[in-house]
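Have the model open in your viewer, with the cartoon on and side chains ready to switch on. We will go stop by stop, selecting a few residues each time.

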Amino acid sequence: MRYRRLSYRYEMVVRTGPTYPFSDIWPSDRLHLLVQPRWRPDADTYETASTVEIIVDLAGVDEDDFEVQLFEDALVVEGRRQLPSCHEGAVYHAASVRQGPFRLELPLAAPVDPERVEARYDRGLLRITLPKVVGAG
């Protein structure tokens with residue numbers, strides 16, 4: 001099966017979820033973060049009569065540091081968050097803000113029109129409006 005991207009190149013999406021091979025013996029999420037190569041940003045997805053709306057929390061990520069790909073049945077947001085390094089000699093007491101590569105795959109609830117997609121990035125929130133194909137909702 002082929003999928004259509006916003007950039008009009010064709011590519012296949014392979015869905016993978018986080019797998020923790022030793023989750024039964026690692027009670028702490030901190031250990032999972034050490035072995036997880038990518039993190040997943042928080043996102044809200046909702047549907048109206050005419051659109052599918054997606055809001056992705058990308059606080060601290062520059063517009064040039066992520067890419068949005070639209071496929072026939074999914075939207076993928078992929079990129080990297082790199083936070084400024086701490087001051088020399090500083091000692092961390094907590095480090096819970098995720099950084100490094102991220103990937104978010106969201107299945108689409110309805111067929112959408114790729115020609116009319118709108119995206120806005122403001123104050124760390126990526127808002128994507130995906131108009132449904134007429135007669136598909």
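## A tour, strand by strand

Start by colouring strand β4 (residues 51-57) together with β9: the two pair in the antiparallel sense over seven bridges. This is a predicted model, so keep that in mind at each stop. Now pick out T129 in β9, which is the bridge partner of E53.

Stay with T129, because E118 has T129 in β9 as its bridge partner too. E118 brings you to strand β8 (residues 118-122), which runs antiparallel to β9 and is joined to it by five bridges. Follow the chain from β8 to β9 and you trace a hairpin with two residues between the strands. Select R123 in that turn: its phi is positive, about 55°.

Is β9 largely enclosed or left open by the rest of the structure? Five of the seven residues of β9 (residues 125-131) are buried, so the strand is largely enclosed.

**Next stop: S50.** Select S50, in the loop between β3 and β4. With a relative accessibility of 47%, S50 counts as partly exposed. Leaving out residues up to four places away in sequence, S50 touches L130, P131 and K132. Add G135 to the selection: its C-alpha is 9.6 Å from that of S50, although the two are 85 residues apart in sequence.

**Salt bridges.** Side chains of opposite charge can pair when their charged atoms come close. Searching the whole structure turns up five salt bridges. For one of them, show K132 and E47, whose closest N and O atoms are 2.5 Å apart. K132 sits in the segment after β9 and E47 in strand β3, so this pair ties together parts that are 85 residues apart in sequence. Which of the two is buried, and which is partly exposed? K132 is buried, at a relative accessible area of 7%, while E47 is partly exposed at 43%.

Move on to R38 and E78, where a salt bridge has N and O 2.4 Å apart. Since R38 lies in the loop between α1 and β3 and E78 in strand β6, the pair ties together parts 40 residues apart in sequence. R38 is partly exposed, at 38% relative accessibility.

Then select E105 and R103, another salt bridge, with closest N and O atoms 2.7 Å apart. E105 is buried at 17% relative accessible area, and R103 is partly exposed at 22%. Show R38, E78, R103 and E105 together: salt bridges that share partners join these four residues into one network.

**Aromatic pairs.** The whole structure holds two aromatic pairs. For one of them, display W39 and F102: the ring centres are 5.1 Å apart and the planes meet at 50°, so the pair is tilted. W39 belongs to the loop between α1 (29-35) and β3 (43-47) and F102 to strand β7 (residues 100-107), so the pair ties together parts 63 residues apart in sequence. Both W39 and F102 are buried.

**Last stop: R81.** Keep W39 and F102 on screen and add R81, in strand β6 (residues 74-81). Setting aside neighbours within four places in sequence, R81 is in contact with several residues, among them W39, F102, A59 and R98. What is the nearest side chain of opposite charge to R81? That is D57, 5.6 Å away; R81 is buried yet has no salt bridge. Finish by showing the backbone of R98, whose oxygen lies 2.7 Å from a polar atom of the R81 side chain.

Definitions and conventions
Residues are numbered from 1 along each chain as its sequence is written. This is a predicted model: local features need pLDDT of at least 70, side-chain atom pairs count only at pLDDT 80 or more; totals for chains, interfaces and linings use all residues. Side-chain values use heavy atoms; hydrogens and water are left out. Rings of Phe, Tyr and Trp (its six-membered ring) pair if their centres lie within 6.5 Å; planes under 30 degrees apart count as stacked, over 60 as edge-to-face and the rest as tilted. Helices (H or I, at least four residues) and strands (E, at least two) are DSSP runs, numbered from the N terminus. Buried means under 20% relative accessible area, exposed over 50%, partly exposed in between (1.4 Å probe, protein chains only). Two strands pair if DSSP finds at least two bridges between them. Lys and Arg count as positive and Asp and Glu as negative; His and the chain ends are not counted. A polar contact is a pair of N or O atoms within 3.5 Å; within protein, one must be able to donate a hydrogen and the other to accept it, and residues adjacent in sequence count only if both atoms are side-chain atoms. Contact means heavy atoms within 4.5 Å.
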